Amino acid sequence: MTAPLEAIEPAAEQAAGPGDERPAYRGPLRYVAVKAGGAVLSIGMVIIGTFFLFRMLPGDPVRALAQGRNMTPAQLDLERRRLGLDKPLFDQFLDFLTGTLRLDLGTSYEYKRPVLDLIVDRLPATILLAGTALVVAVGLGVWQGTKAGWRRGSRFDRFSTSTSLIFWSVPTFWLGLLLMMALGNGIGPIPGIFPTRGIESVDAPDGFAYVLDVGMHMVLPVLTMVGVVYAQYLLVMRSSLLDEVGQDYITTARAKGLRDDQVRRRHAVPNALLPTVTLVFMRIGFVVGGAVTVEAIFTWPGLGQLFYRAIKVPDFTLMQGTFMLLCVSVILMNTLADVVYHVLDPRVRSA
């Protein structure tokens, strides 16, 4: 005799048991694991590509380092053997790969110092420059984007949007040279105001005067970096705010009698900030990489200037080390941006 349907269903539920339910944390952990695996794969491709990419550059580092020195062909061969450039390309790649896995990036041809030590010495200057530019760009872009999006079609909206797009389309080196001529060297009767080279003066003072001196040297490179990147934050913030303005909760907040600025600050802006926060994490790596051009123009003693000097030799080990660091920073920041977006936006978690 067949059992009733009502008796079968509870038995099935009891057989399944609560232990078969999937833990709530398994989904986020799987998401993070997938992103981390993709990052590791990308870093591996960067390591492989970096070695062969710079080996295709023209120029002989041994002859470049021997300029101005009367060296015989035998001495050049001895120097090439000392640098390991006499080995087959595949053997050089194996040495590079095993050294990278041990965090040994080799010794610079030009500076005769470990590449990792040179990077550690120059990294603070790049972080200072790129970090300051990022903070200023984000603050300026979010402020202008909020005001432009809340007053869509106003004179401020048209002016700020068009101006930011103009700066965004200008090449970084060209904007840097313009600022150097206008505010550094001076134009006609207008004298130069800010220093154009280095991070400090030759006779730099101590204490607060030294901080002020470094700040004066930072003005032109920071303005250059801000000018070409702040438009991204302005446009993203403006677009996000326009999406929030038409939502029902904004209408409800206004119906409660809240002032216009209260509706904007307490309700619209916090919800519109999510894409901008994600963009900030994504752009951190690119800002560090974008400092190469700015540091070369203003002779800023950071990783960008170090990479520029390495290309001129060419110093293979130094190029490989700095380029890998810049690429890895971009990959890690993009991965972190994906994870942060997944954490902050419940719509992504439920998808």
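## Starting with a lysine

Is Lys35 buried, partly exposed or exposed? Lys35 comes out as partly exposed, because its relative accessible area is 28%, and the buried class stops at under 20%. Keep in mind as you look around that this is a predicted model.

Lys35 has a partner, too. Its side chain meets that of Asp338 in a salt bridge, with 3.6 Å from N to O. The two sit far apart in the sequence: Lys35 belongs to helix 2 (residues 26-55) and Asp338 to helix 13 (residues 316-344), so the bridge ties together distant parts of the chain, 303 residues apart. Asp338 is partly exposed as well, at 29% relative accessible area.

## The overall picture

Stepping back, the chain has 351 residues, and 37% of them are buried. It is built from 14 helices and two strands.

How do the contacts spread along the sequence? Take the contacts between residues at least 6 apart: 73% of these join residues at least 24 apart.

## More salt bridges

How many salt bridges does the structure hold? The count is seven, and the Lys35 to Asp338 pair is one of them.

Another is formed by Lys87 and Asp95, whose side chains come to 3.0 Å, N to O. Lys87 is partly exposed at 39% relative accessibility, and Asp95 falls in that class with 41%. Then there is Arg113 with Asp121, a salt bridge at 2.7 Å, N to O. Here Arg113 has a relative accessible area of 33%, which puts it among the partly exposed residues. Asp121 gets the partly exposed label at 46%, as the exposed class only begins over 50%.

## What the record says about the membrane

The UniProt entry, which is unreviewed, carries the annotation "transmembrane region" for residues 32-54, 123-143, 164-187, 207-231, 272-298 and 318-344.

Two of these spans can be checked against the model. Residues 32-54 are 100% helix and 0% strand, with 33 Å between the end C-alpha atoms. For residues 164-187 the figures are 83% helix and 8% strand, and the end C-alpha atoms lie 24 Å apart.

## Helix 6 against helix 7

A packed pair of helices is described by two values, the angle between the axes and the distance between them. For helix 6 (residues 115-150) and helix 7 (residues 155-169), the angle is about 140° and the axes are 8 Å apart. Why is this pair called oblique? Roughly antiparallel would need an angle over 145 degrees, and about 140° does not reach that, so helix 6 and helix 7 count as oblique to each other. The crossing of helix 6 past helix 7 is left-handed.

Which residues make the join? From helix 6 come Trp143, Gln144, Lys147 and Ala148, and they meet Phe156, Asp157 and Ser160 of helix 7.

## A closer look at Phe156

Phe156 in helix 7 is a handy residue to click on. Once its neighbours within four places in sequence are set aside, Phe156 is in contact with Trp143, Gln144, Lys147 and Ala148. Take Gln144: it lies 12 residues from Phe156 along the chain, and their C-alpha atoms are separated by 8.6 Å.

Is Phe156 buried or partly exposed? With 24% relative accessibility, Phe156 is partly exposed, since buried would require a value under 20%.

Methods: Residues numbered from 1 in each chain as written. Predicted model: local features only at pLDDT ≥ 70, side-chain atom pairs only at ≥ 80, totals over all residues. Heavy atoms only, no water. Salt bridge = Lys/Arg side-chain N within 4 Å of Asp/Glu carboxyl O. Helix = DSSP H or I, 4+ residues; strand = E, 2+ residues; numbered from the N terminus. Buried < 20%, exposed > 50% of the residue type's maximum accessible area, 1.4 Å probe, protein only. UniProt positions renumbered as here; feature names shortened; annotations may be inferred. Axes fitted to C-alpha atoms, helices over the stretch in contact; angles between N-to-C directions. Parallel < 35°, antiparallel > 145°, perpendicular 65-115°, else oblique. Left-handed = near helix turned anticlockwise from the far one by under 90°. Contact = heavy atoms within 4.5 Å.
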